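The exercises below are meant to be worked through with the sequence and the structure side by side. Try each task before reading the solution that follows.

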Amino acid sequence: QVQLVESGGGLVQAGGSLRLSCAASGNIDSISAMGWYRQAQGKQRELVASLTASGRTNYADSVKGRFTISRDNNWDTVYLQMNSLKPEDTGVYYCNLRGATMGGPTSDYWGQGTQVTVSS
């Protein structure tokens, strides 16, 4: 079983910064990638940023140059540093882990989400 717990969301004014954290725990045997997705009200969940086991990063065009994904050495925690926030960045941010537990298939695991609200 894999648990992902996000933290760091909140209310911030446009132009401000927030740092999201995602703590991973459980019977994780291998990790292919970890990432952050967001879902604005009435919209589909979309990829914000991802980081593969090989170190490759991928960002949504709308956040390039403003957001940075990183992790600690043991993949225990993944971070999303968000700078120059805009009202359109508002949404629930979800942590994702793509990996496998001991003897299990590669699967996607999700956290419960953390709300980010950017006021204009």
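**Exercise 1. Contacts along the chain**

Task: Find what share of the contacts in the chain with a separation of 6 or more comes from residues 24 or more positions apart, and then describe the elements and the overall dimensions of this predicted model.

Solution: Begin with the contacts, where residues 24 or more positions apart account for 55% of those with a separation of 6 or more. Next, go through the elements from the N terminus, which run β-β-β-β-β-β-β-β-β-β-β, so that the chain has 11 strands and 0 helices. The radius of gyration is 14 Å, close to the 14 Å that the globule rule gives for 120 residues, and therefore the chain is as compact as a globular protein of that length. Along its principal axes, the C-alpha trace spans about 50 × 25 × 20 Å.

**Exercise 2. Surface and charges**

Task: State how much of the chain counts as buried, how much area it exposes, and how far apart the mean positions of its positive and negative charges are.

Solution: Of the 120 residues, 42% count as buried. The chain exposes about 6300 Å², and carbon and sulfur atoms supply 43% of that area. For the charges, take the 10 positive and the 9 negative ones as two groups, whose mean positions are 6 Å apart.

**Exercise 3. The largest nonpolar core**

Task: Identify which residues of the largest nonpolar core touch the most other members, and which strand gives the most to this core.

Solution: The general background is that, in soluble globular proteins, nonpolar side chains tend to be buried together. Here the largest nonpolar core holds 29 residues, of which Leu-4, Met-34, Trp-36, Leu-80, Met-82 and Tyr-93 touch the most other members. Several strands each supply at least two residues, among them β1 (2–7), β4 (28–39), β5 (46–52) and β11 (114–119). Strand β3 gives the most, with 4 residues.

**Exercise 4. Two strand residues**

Task: Decide whether Cys-22 is buried or exposed, do the same for Thr-101, and list what each of them touches beyond its neighbours in sequence.

Solution: Cys-22 lies in strand β3 (residues 18–26), and because its relative accessible area is 0%, it is buried. Leaving aside neighbours within four places in sequence, its contacts include Leu-4, Met-34, Trp-36 and Cys-95. Cys-22 and Tyr-79 are 57 residues apart in sequence, yet their C-alpha atoms are 6.3 Å apart in space. Thr-101 is found in strand β9 (residues 91–101), and its relative accessible area of 15% makes it buried as well, since buried means under 20%. Not counting residues up to four places away, Thr-101 touches Gln-1, Val-2, Asn-27, Asp-29 and Tyr-109.

**Exercise 5. Loop residues**

Task: Locate Asn-83, Ser-84 and Trp-75, and give the accessibility of each together with the phi values of Ser-84 and Trp-75.

Solution: Asn-83 lies in the loop between β8 and β9, where at 30% relative accessibility it counts as partly exposed. Its contacts, leaving aside neighbours within four places in sequence, are Gly-16, Ser-17, Arg-66 and Phe-67. Ser-84 also has its place in the loop between β8 and β9, and it is partly exposed, with a relative accessible area of 40%. Trp-75 is found in the loop between β7 and β8, and with a relative accessible area of 14% it is buried. For the last step, recall that most residues other than glycine have a negative phi. The phi of Ser-84, however, is positive, near 50 degrees, and that of Trp-75 is positive, near 60 degrees.

Technical notes: Residues are numbered from 1 along each chain as its sequence is written. This is a predicted model: local features need pLDDT of at least 70, side-chain atom pairs count only at pLDDT 80 or more; totals for chains, interfaces and linings use all residues. Side-chain values use heavy atoms; hydrogens and water are left out. The radius of gyration is taken over C-alpha atoms; the globule rule is 2.2 Å times the number of residues to the power 0.38. Buried means under 20% relative accessible area, exposed over 50%, partly exposed in between (1.4 Å probe, protein chains only). Contact means heavy atoms within 4.5 Å. Accessible areas come from the Shrake-Rupley method with a 1.4 Å probe; for residues, only the protein chains shown count as cover. Lys and Arg count as positive and Asp and Glu as negative; His and the chain ends are not counted. The place of a charge is taken as NZ of Lys, CZ of Arg, CG of Asp or CD of Glu. A nonpolar core is a set of buried Ala, Val, Leu, Ile, Met, Phe, Trp, Tyr and Cys residues joined through side-chain atoms within 4.5 Å.
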